[in-house]
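Biologist: I am new to this structure and would love a close look at one part of it. Could you pick a helix, walk me through its surroundings, and then show me how the rest connects?

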Amino acid sequence: MISIAGGGEVASAAEERESARWNEMGGSGWLILGLLLAAFRRLKSSVTKLLNTSGLSLRYSAGVESIGVCYGTGGNNLPSPNDVINLYKSKNIKGIRLYNPDQDALQALKDSNIPVILDVPDSDISSLASDSSAASRWVQSNIQAFSANVNFRYIAVGNQLTGDSNANNILPAMRNIAAALRSAGLQDRIKVSTAVSTGVLGTSYPPSAGAFSSDASSVLVPIIGFLNENGAPLLANVYPYVSYTSNPNAISLDYALFTSPGTVVTDGQLQYQNLFDAIVDSLYSALEKVGGRSISVVVSETGWPSDGGPAATTANAQTYLSNLIGHVSSGTPKRPGSIDAYIYAMFDENNQQPQGTVNHYGLFTPDKQPKYSISF
């Protein structure tokens, strides 16, 4: 690795020796370096283009472990939890979100090392908020009983509940669960958070102007303080599909599908070529405005439906997901790096209400057949 010291930084002795060797090589050394860098850029461009234009196969990069899939159970024709987890294993899927602590699914996850987001069911939040002993029992039954063999990563207290009548119970429940994790010695391994929708944003355009609405702030600002104190991320459900179909006259389909050929939005020094990045960076801007600059965003749901609404086609779902997977290792313009993202969902779910696109987000049909040609 070649390190460049600048801006007042002092190069180490090793770096100085490396620099001297390059200087001794003269112009030929810099020519070789230039050719190597150019070759690397061409290779990167070719791989990116392949990911962005692959028409029939959904490819997961072998080195990317930041993509998971949500396991929803809103269907009456789905495989058994054991079969589902075996499908995750066979497809080498590197993360799972469970919307409830299904004991059979947790049992099947043992020794898989698949990172897990585990939701607290909405019906449990009130009791966990008001009774610390109930929170301890919940952690004992659903976390401690499996923690030796299951790779729990986050506990999500509430899914898009901000503004709901249960919203004020979220933070007390988070605190009680975090206290139970501390008692179990698991506080450094498992972080407690909540999942929000992008509906918490009062302002989202341009991304630098992102800000929480006043109603959401009353609930979220104390939660953000908790996340700061505990080194936990904010979980967010990010759906460019919803943004696009809500305003198709202002948002192009290419921008939503990661297929725009160039910059669509310029925001100061930052340039945006896709809507996903713009939404995530709007959340980061909103966090910064309320003291959450150090908090990361984990995309706890994202996806594209294959039926049931405008632009909901198999081809568009394929394009969005393949490009998402090729993109997450790059981060966003505001926060370069990598993004943890969970695709919604593993299966089409025929009981989800209201009927429509929500029934058609699955990567697989209920008989475990891929809806697209998928290679993980």
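Modeller: Happy to: we will start with one helix, move to the core, and then visit some charged pairs and a buried arginine. Please keep in mind that this is a predicted model.

Let us begin with helix α6, which runs over residues 132-144. Its buried residues are Ala134, Ala135, Trp138, Val139, Asn142 and Ile143. Because these residues cover an arc of only 135° around the axis, they sit on the same side of α6. What lies over them? The cover includes the helices α4 (103-109), α5 (122-130) and α7 (170-183), together with the strands β4 (116-120) and β5 (152-159).

Ile143 is a good residue to zoom in on. Apart from its neighbours within four places in sequence, Ile143 touches Leu118, Trp138, Phe152, Ile155, Leu181, Leu186 and Ile190. Ile143 also has a place in the wider picture: along with Val157 and Ile177, it is among the residues with the most contacts inside the largest nonpolar core, a set of 109 residues. The biggest share of this core comes from helix α11 (residues 275-289), which gives 9 residues. As a general background, nonpolar side chains in soluble globular proteins tend to be buried together.

Now back to α6 for its charged side. Arg137 pairs with Asp131 in a salt bridge, with 4.0 Å from N to O. Are these two buried or exposed? Arg137 counts as partly exposed because its relative accessibility is 46%, and Asp131 is also partly exposed, at 29%.

Strand β5, which we met as part of the cover of α6, has a charged pair too. Arg153 forms a salt bridge with Asp340, and their closest N and O atoms are 2.8 Å apart. Arg153 lies in β5 while Asp340 is in the loop between α12 (314-327) and β13 (341-343), so this pair ties together parts that are 187 residues apart in sequence. The two partners differ in their surroundings: Arg153 is partly exposed, with a relative accessible area of 29%, whereas Asp340 is buried, at 15%.

These are two of the 8 salt bridges counted in the model. Another joins Arg293 and Glu288, at 3.7 Å from N to O. Arg293 counts as exposed, at 54% relative accessibility. Glu288 and Arg293 also belong to a salt-bridge network that includes Lys334 and Arg335.

Lys334 leads us back to helix α11, where Ala278 has its place. Ala278 and Lys334 are 56 residues apart in sequence, and their C-alpha atoms are 9.2 Å apart in space. Ala278 is buried, with a relative accessible area of 8%. Leaving out neighbours within four places in sequence, the contacts of Ala278 are Pro207, Tyr255 and Tyr272.

Our last stop is Arg97, in strand β3 (residues 96-98). Arg97 is buried, and its relative accessible area is 0%. Its side chain makes a polar contact of 3.4 Å with the side chain of Asn237. Which other residues does Arg97 touch? Beyond its neighbours within four places in sequence, the contacts of Arg97 include Val69, Cys70, Tyr71, Ile117, Asp119, Ala156, Asn159, Glu301 and Tyr342. Among these, Ile117 and Asp119 fall within β4, and Ala156 and Asn159 within β5, which brings us back to two strands that help to cover the buried residues of α6.

Conventions. Residues numbered from 1 in each chain as written. Predicted model: local features only at pLDDT ≥ 70, side-chain atom pairs only at ≥ 80, totals over all residues. Heavy atoms only, no water. Helix = DSSP H or I, 4+ residues; strand = E, 2+ residues; numbered from the N terminus. Buried < 20%, exposed > 50% of the residue type's maximum accessible area, 1.4 Å probe, protein only. Polar contact = N/O pair within 3.5 Å; in protein donor to acceptor, adjacent residues only side chain to side chain. Contact = heavy atoms within 4.5 Å. Core = buried A, V, L, I, M, F, W, Y, C linked by side-chain atoms within 4.5 Å. Arc of directions from axis to C-beta. Salt bridge = Lys/Arg side-chain N within 4 Å of Asp/Glu carboxyl O.
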